[in-house]
Amino acid sequence: MNRTPRALNRILLGLIGLILIGIGGGLLWLTLDSGAASSWQRFAPSMLERIQAFGADTALPGQSQSWIWVLLAVAMLVAIVLLVLWAAAQGRGRTGTLVSEYDDDGAPGRVAISGAVAEQALRSALQEDPDVAAAAVSTYDVRGSSALRIRINPRQGAAPHLIAADATRLVEALDAALGREPAVLISIDAGRKLRFNREDRVR
């Protein structure tokens, strides 16, 4: 329900993984293959000389420093800015308002109900269930409308369908109190041992 850029995250993680695999594979190859190690020992000095010659050829006028270092510094600053923007893009979509409507009957004005009201009420009611080990409720903005996400961790041996039914009744009671029916995602996680036994219910 949040706006985390999952596709971008997967691409970046895939690229980083490929780079690390390549570096690790190269180091392992040099360690295990004596011929490859000998070839690297012959190749490394000449490569270092070419790098030093390239640095001398690209030196700034009147200075011994190459403009390549300036370019690398700018690239690092750009990379830092991009990383900050990427980090800020994670987990977006949370909102603090569940209902917000303008009413022009009587005294005109806007009526807003905080998402914390529904979150605390549902969380407290769910945790009173002896079959529920933990519960978390969050409010998200989905395409301009508020929605609730309910995550429930049941105790071992509890029946997920009964917990889902209880959660559904609590949501219906909340709808009756609010006079509105926001979208709701009920997610039941069976825990680490039964991580694949997961039930999601969307209304």
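Helices and strands are here DSSP runs, helices of at least four residues and strands of at least two, numbered from the N terminus. In this predicted model, the order of these elements along the sequence of the protein chain is α-α-α-β-β-α-β-β-α-β-β, giving five helices and six strands.

Of the 203 residues in the protein chain, 22% are buried. The accessible surface amounts to about 14,300 Å², with carbon and sulfur atoms contributing 62% of it. Among contacts with a separation of 6 or more, 47% are between residues 24 or more positions apart.

Helix α4 was examined in further detail. This helix comprises the 13 residues 115–127, and its end C-alpha atoms lie 18 Å apart; this agrees with the expected span, because 1.5 Å a residue should likewise give 18 Å. At the N-terminal end, α4 is capped by S114, of which a side-chain oxygen is placed 3.1 Å from the backbone nitrogen of A116.

Five positions of α4 can be named as buried, under 20% relative accessible area: G115, A118, E119, L122 and L126. When α4 is viewed down its axis, the buried residues are confined to an arc of 100° and therefore line one face of the helix. The cover over these buried residues is drawn from several elements, including the strands β1 (97–103) and β2 (109–114), which precede α4 in the sequence, and the strands β3 (132–142) and β4 (145–154), which follow α4. Helix α5 (160–178) is also included in this cover.

Conventions. Residues are numbered from 1 along each chain as its sequence is written. This is a predicted model: local features need pLDDT of at least 70, side-chain atom pairs count only at pLDDT 80 or more; totals for chains, interfaces and linings use all residues. Side-chain values use heavy atoms; hydrogens and water are left out. The expected span of a helix is 1.5 Å times one less than its number of residues. Buried means under 20% relative accessible area, exposed over 50%, partly exposed in between (1.4 Å probe, protein chains only). The arc is that of the directions from the helix axis to the C-beta atoms. Contact means heavy atoms within 4.5 Å. A polar contact is a pair of N or O atoms within 3.5 Å; within protein, one must be able to donate a hydrogen and the other to accept it, and residues adjacent in sequence count only if both atoms are side-chain atoms. Accessible areas come from the Shrake-Rupley method with a 1.4 Å probe; for residues, only the protein chains shown count as cover.
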